[in-house]
Amino acid sequence: MRRTTIPALVAVSLLLASAPAVAAPTADAPRPVRAVTETPSLFDDEAGGDADADDPAIWVHPTDRAGSLVIATAKNGGLRVYDLRARERQAVATPPAPGPDDEAGRFNNVDLVAGFRLGGRSADLAVVTDRGRDQLRFFRIDGRTRMLTDVTAPDVPFVFSADQAEVNEQRTAYGLGTYVDATGAAYAVVSRRSTPEVGLFRLVERAGRVSYRPVDRLVLPSTFTLPNGATWSPCTDPGDGPQVEGTVVDPDTGVVHLAQEKVGLWRTRLVGGRFVGAPRSVERVREYGVPATFDAEEDDCVTDYAADPGFGGRIAQDVEGLTIHRTGRSTGTLIVSSQGDDTFYTYDRRTDRPIGRFAVVDGRVDGSQECDGAAVTATPLPGYPGGLLVVHDGRNTPESADGDGGARPDTNFKFVDAGFLRSSR
């Protein structure tokens with residue numbers, strides 16, 4: 001396995017040299033779009049199943065578009081499978097902890113692999129990062145029953161950790177993007193929680209089940225030299241590094257986009273099962289270069305916006321979900337969740353040229369706030385003639401009372417007709 005580490009000073013030069021000049025954020029309002037429907041609430045408490053919505057993927061049925069599915073992670077609550085009316089069809093539990101002092105499964109991100117050879121037949125797979133157990137897990141999608149079946153090999157290795165003790169520290173598999181190259185080889189690009197590391201893993205069959213092996217790795221920078229000569233690092237929890245979560249691989253070109261949450265959006269490429277060339281910056285977060293310190297009492301970073309040196313971009317940290325609205329082999333739109341201002345920025349898929357931004361606002365159902373994951377298909381589906389965009393809503397409303405005078409943590413997913421993306425270019 002090859003490991004590519006970008007030295008901080010070299011990476012800084014690449015970041016500053018390659019990042020496009022971006023004007024300061026304007027007061028222009030994002031384009032408002034409204035959801036068609038939404039999934040049932042997921043409550044992050046024991047009464048509601050200890051579930052927290054995070055990341056969706058869209059499986060288009062190969063022969064019956066009405067049978068298409070949305071497969072989504074619910075962290076401790078496992079996977080949820082929805083039909084096109086956002087009705088839950090299946091709930092898949094996470095695996096239990098291997099020992100009494102160990103972490104149980106916690107499903108973070110999901111992506112799809114089509115046409116994987118399994119047991120001598122072609123299978124569509126949902127691939128999931130289990131951040132609790134530091135593993136990838138695999139589920140066959142049955143086109144007839146539209147149900148998921150676990151096909152994970154029983155001896156899958158840890159993704160990043162050396163042993164169970166390290167797994168329990170929870171610097172584990174986090175973000176995920178899948179890719180199938182021209183030879184049919186399937187890969188998973190996986191980020192590591194609380195670090196700037198990203199690994200590349202090849203998916204392999206093991207006696208009718210699915211496993212994986214590492215083939216490459218890169219490390220994004222943690223420290224940057226600003227144009228004024230000052231050194232800056234994004235504020236994180238003590239001992240942590242600036243992590244990546246949002247990850248997407250262009251199915252036609254192998255171009256990889258990575259969302260380093262508190263730094264910005266990066267671009268690299270996969271060729272022959274390897275990361276090729278140093279990642280380059282597409283855009284920085286607004287808070288890039290702004291001093292911030294961790295407040296232990298608040299258990300959060302406090303940013304001194306009054307000392308902003310003015311080197312940031314448009315995206316309000318955190319940079320989160322990434323997805324591609326693919327309208328042809330080289331045409332379409334990259335969508336980026338700007339969690340800090342509850343909007344989404346769009347870029348030309350091929351050139352990374354900024355296009356615009358939009359927000360999913362209240363309408364028939366409430367809008368999307370604090371969005372983590374997003375997924376889109378340009379394929380027309382019943383109820384979504386322009387294609388389907390699914391976005392996470394991290395603050396679903398109206399809120400439900402928890403019985404103690406407060407509100408229950410409530411998350412879900414919004415289903416949006418994606419036709420507006422064609423007209424917004």
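How many of the eight residues of strand E21 are buried? In this predicted model, six of them are, so E21 (residues 264-271) is largely enclosed by the rest of the structure. Before the surroundings of E21 are described, a word on confidence is useful. The chain has a mean pLDDT of 93, and 93% of its residues reach 70 or more. Residues 2-27 are another matter, with a pLDDT below 50. Beyond near neighbours in sequence, this stretch nevertheless has 51 contacts in the model, and any reading of them should keep that pLDDT in view.

Strand E21 has a partner on either side in sequence. Strand E20 (residues 255-260) runs antiparallel to E21, and six bridges join the two. Within this pair, His257 has Arg267 of E21 as its bridge partner. Three residues lie between E20 and E21, and the two strands form a hairpin. With strand E22 (residues 274-284), E21 again pairs in the antiparallel sense, here over seven bridges. The bridge partner of Val271 in E22 is Arg274. E21 and E22 also make a hairpin, with two residues between the strands, and in it Gly272 takes a positive phi near 60°. As background, strands of a sheet pair through backbone hydrogen bonds, either parallel or antiparallel.

A similar description can be given for strand E26. Seven of the seven residues of E26 (residues 332-338) are buried, so this strand is largely enclosed by the rest of the structure. Strand E25 (residues 319-326) is joined to E26 by six bridges, and the two run antiparallel. His325 finds its bridge partner in Thr333 of E26. The hairpin formed by E25 and E26 has five residues between the strands. On to strand E27 (residues 343-348): six bridges join E26 to E27, and this pair runs antiparallel as well. Here Leu334 stands opposite Tyr347 in E27. Four residues separate the strands in the hairpin of E26 and E27, where Asp342 takes a positive phi near 60°.

Earlier in the chain, an open sheet of four strands has the order E5-E6-E7-E8, and its pairing is antiparallel. Strand E5 (56-59) and strand E8 (88-92) are the edge strands, each pairing on one side only. Neighbouring strands of this sheet are turned by 20° against each other on average, with direction ignored. Towards one edge, strand E7 (residues 79-82) pairs with E8 in the antiparallel sense over four bridges, and Val81 has Gln90 of E8 as its bridge partner.

The cysteines complete the picture. The disulfide count comes to one, and the link joins Cys235 to Cys301 with an S to S distance of 2.1 Å. The pair connects distant parts of the chain, 66 residues apart: Cys235 is in the loop between strand E18 (231-232) and strand E19 (244-249), while Cys301 belongs to strand E24 (residues 300-303). The link of Cys235 and Cys301 is left-handed, with -85° about the S-S bond. Are the two partners buried or exposed? Cys235 has a relative accessible area of 13%, so it counts as buried, and Cys301, at 19%, is buried too, the cut-off being under 20%. A further cysteine, Cys371, has a relative accessibility of 3% and therefore also counts as buried.

Key:
Residues numbered from 1 in each chain as written. Predicted model: local features only at pLDDT ≥ 70, side-chain atom pairs only at ≥ 80, totals over all residues. Heavy atoms only, no water. pLDDT = per-residue confidence, 0-100. Contact = heavy atoms within 4.5 Å. Buried < 20%, exposed > 50% of the residue type's maximum accessible area, 1.4 Å probe, protein only. Pairing = 2+ DSSP bridges. Axes fitted to C-alpha atoms, helices over the stretch in contact; angles between N-to-C directions. Disulfide = S-S within 2.5 Å.
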